[in-house]
Each structure stands twice: as structure tokens, then as C-alpha cells.
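Got the viewer open? Let's take a short walk through this one, picking out a few spots to select along the way.

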Amino acid sequence: MKFNSLSIFYLLGFFLIGFSNPLLAQDLSALGLPALTTATASNGETTYSLSLQILLLMTALTVLPSLVLGMTAFTRIIIVLSILRQALGTQQTPPNQVLIAIALFLSFFIMSPIFEVLYIETINPYLDGNLPMEIAMNQGLSVLKEFMVSNTRVETLNMFSDLSNADPFEDKQSIPISIVLPAFITSELKTAFEIGFLIFLPFLVIDMVIASILMSLGMMMLSPMLISLPFKLLLFVLVDGWSMTVGSLSATFLVG
């Protein structure tokens, strides 16, 4: 069975159930989630209240995007693309919506082997009723944890391990998710800024050269950024910058 686009929505719902509340780890069809509960007072007055389970579900829904994006390649990609836009000096071009769309679909491309494993080994057996919810959640978190630990710096893991006073871990799976998540995010930030620095350097050289030329010609009132922008765009197009950036960025992740 191959991974398809529907498995992305299954994945989101799968982790929504698991992260929201232990009660929701049961089968939703058996649990039942009444939206409203009614209570009749002694005087015959009926009051309505929102089900606590629905409130928990809606609360988990607001946290879910941060969890999913924080456990994937999205953070590194969006930071690098933002630094690239700033290095080009194009202000709001591409706009934020376009950068987020690029980062999101590129994250799906990079994470597709992970999502395929999750769908085949965890989500599909659970939907077929062959795998209990608790075991399915543990297997799904183990797959994502392996990806996160593989892309996390050892010194960052050790730092959060020391902060939590945890004992040495035997293997990747023995590291608790409470340590893996902040370590992965912190490591992604450092890696993204290192890549952004390397991307920024050639554009900085162009800005310095243009500024020096304008100063030598006595055109100090003319903005160097305005003159260097066409040259930076020309250089970026000639070297096929978008393909180079996206391809190199995708190659920095360890998947599988």
C-alpha cells in the first residue's frame, strides 16, 4: 500500500487524539463525544453546557499545528527561506503566504518516507481495527522520535538531558519525548541560522562591492541596496538559486 494525500489528514487526526487527553485515546466511536449536555433543575428549568471532552478536543486542535510543525522539517525550511528573502533585499517578495506554502509542501516531500511508514505500520492497522490505540500511538511516536533524534545535535540532547537530571539513555527510543522535542527545535534553529549565514555571504559581498563603487564615484546619496538588488536577482537566477537552495536544504535532513 502506497502513501497518499489522505494519510496526511489521518496523521493529523491520529496525533490530535493522542495528544489531547488520555480519555481520547480510546476508540472515539465507543467513547462518544456529545457536544452539549443538559441538566434539568428542580423548578423545571433546563440549562445547557458544553461537553468537557469537546473543550479538550478543541484545545488540542489549537496546539496540534505547533506540535506537528515542530516535529517535522518545517522549522528549518521556513527560517532559511526567510533569511534568503532578507539577503536578496526584496522586502515582501515572495510574500509570507508563499514562503509558508513552500516550506509546508517541502516538509511533506522530505517527511514522505516517515509518513509512509506511519501510514502503513501504524495508522492503517489502527483504522482496520487490528491495532489498539495505545500501541499505535507508541509506534507512531517512536517513528517520529527516531527522525527527530537523528536530526538533533548530540550536545543539544545532552544539554536538555542534564537540565532534566535524566540518567544516561541506552538508545534513541529510551529518550523521553519531553527531552526530544525541545532539543530538536533548538537544534533546528541553530542549523537553520548556520545555513542562512552561508546563503547570506555572497549577497553581502555584492552589497559591499556596490557600496564601494558608489562611494568612489561620489554617489553617496544613492541607495546601495537599490542598485545591488538587480545584480543579486541576476546572480540568483543565473545559478538557478531556488532549485539549488531547495535541493541543498532537503539534503541536510537524515530520513530513514
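Before the first stop, one working rule: two residues are in contact when they have heavy atoms within 4.5 Å of each other. Also keep in mind that you're looking at a predicted model.

**Stop 1: a single threonine**

Select threonine 75, which you'll find in helix H4, residues 74-88. Is threonine 75 buried or exposed? Its relative accessibility is 14%, and the cut-off for buried is under 20%, so threonine 75 counts as buried. Now show what surrounds it. Setting aside neighbours within four places in sequence, threonine 75 touches Leu69, Gly70, Ile185, Glu188 and Leu189.

**Stop 2: from H4 across to H10**

Keep H4 on screen and add helix H10, residues 241-251. A pair like this can be summed up with two values: packed helices are described by the angle between their axes and the distance between those axes. Here the axes of H4 and H10 cross at roughly 150° and come within 11 Å. Angles over 145 degrees count as roughly antiparallel, so that is the label for H4 and H10. The crossing is right-handed.

Which residues make the contact? On the H4 side, select Arg76, Ile77, Val80, Leu81 and Leu84; on the H10 side, pick Trp242, Thr245 and Leu249. Colour them by type and you get six nonpolar, one polar and one charged.

**Stop 3: the buried face of H10**

Stay with H10 and highlight its buried residues: Gly241, Thr245, Leu249 and Ser250. Then turn the view until you look down the axis of H10. The buried residues fall within an arc of 150°, so they line one face of the helix. As background, an α-helix has 3.6 residues a turn, so residues three or four places apart point the same way. What covers the buried residues of H10? The cover includes H4, helix H5 (96-127), H8 and helix H9 (224-238).

**Stop 4: H7 against H8**

For the last stop, select helix H7 (residues 154-163) and helix H8 (residues 177-216). They pack at an angle of about 140°, with their axes 9 Å apart. That angle makes H7 oblique to H8. As for handedness, H7 and H8 cross in a right-handed way.

To see where they meet, show Glu155, Thr156, Leu157, Phe160 and Ser161 in H7, then Ile179, Pro182, Ala183, Thr186, Ser187 and Lys190 in H8. By type, the residues of this contact come out as five nonpolar, four polar and two charged.

Definitions and conventions: Residues are numbered from 1 along each chain as its sequence is written. This is a predicted model: local features need pLDDT of at least 70, side-chain atom pairs count only at pLDDT 80 or more; totals for chains, interfaces and linings use all residues. Side-chain values use heavy atoms; hydrogens and water are left out. Axes are lines fitted to C-alpha atoms, for helices over the stretch in contact, and angles run from 0 to 180 degrees between N-to-C directions. Helices (H or I, at least four residues) and strands (E, at least two) are DSSP runs, numbered from the N terminus. Angles under 35 degrees count as roughly parallel, over 145 as roughly antiparallel, 65 to 115 as roughly perpendicular and the rest as oblique. A crossing is left-handed if the near helix is turned anticlockwise from the far one by less than a right angle, and right-handed if clockwise. Ala, Val, Leu, Ile, Met, Phe, Trp, Tyr, Cys and Pro count as nonpolar, Asp, Glu, Lys and Arg as charged, and the others, Gly among them, as polar. Buried means under 20% relative accessible area, exposed over 50%, partly exposed in between (1.4 Å probe, protein chains only). The arc is that of the directions from the helix axis to the C-beta atoms.
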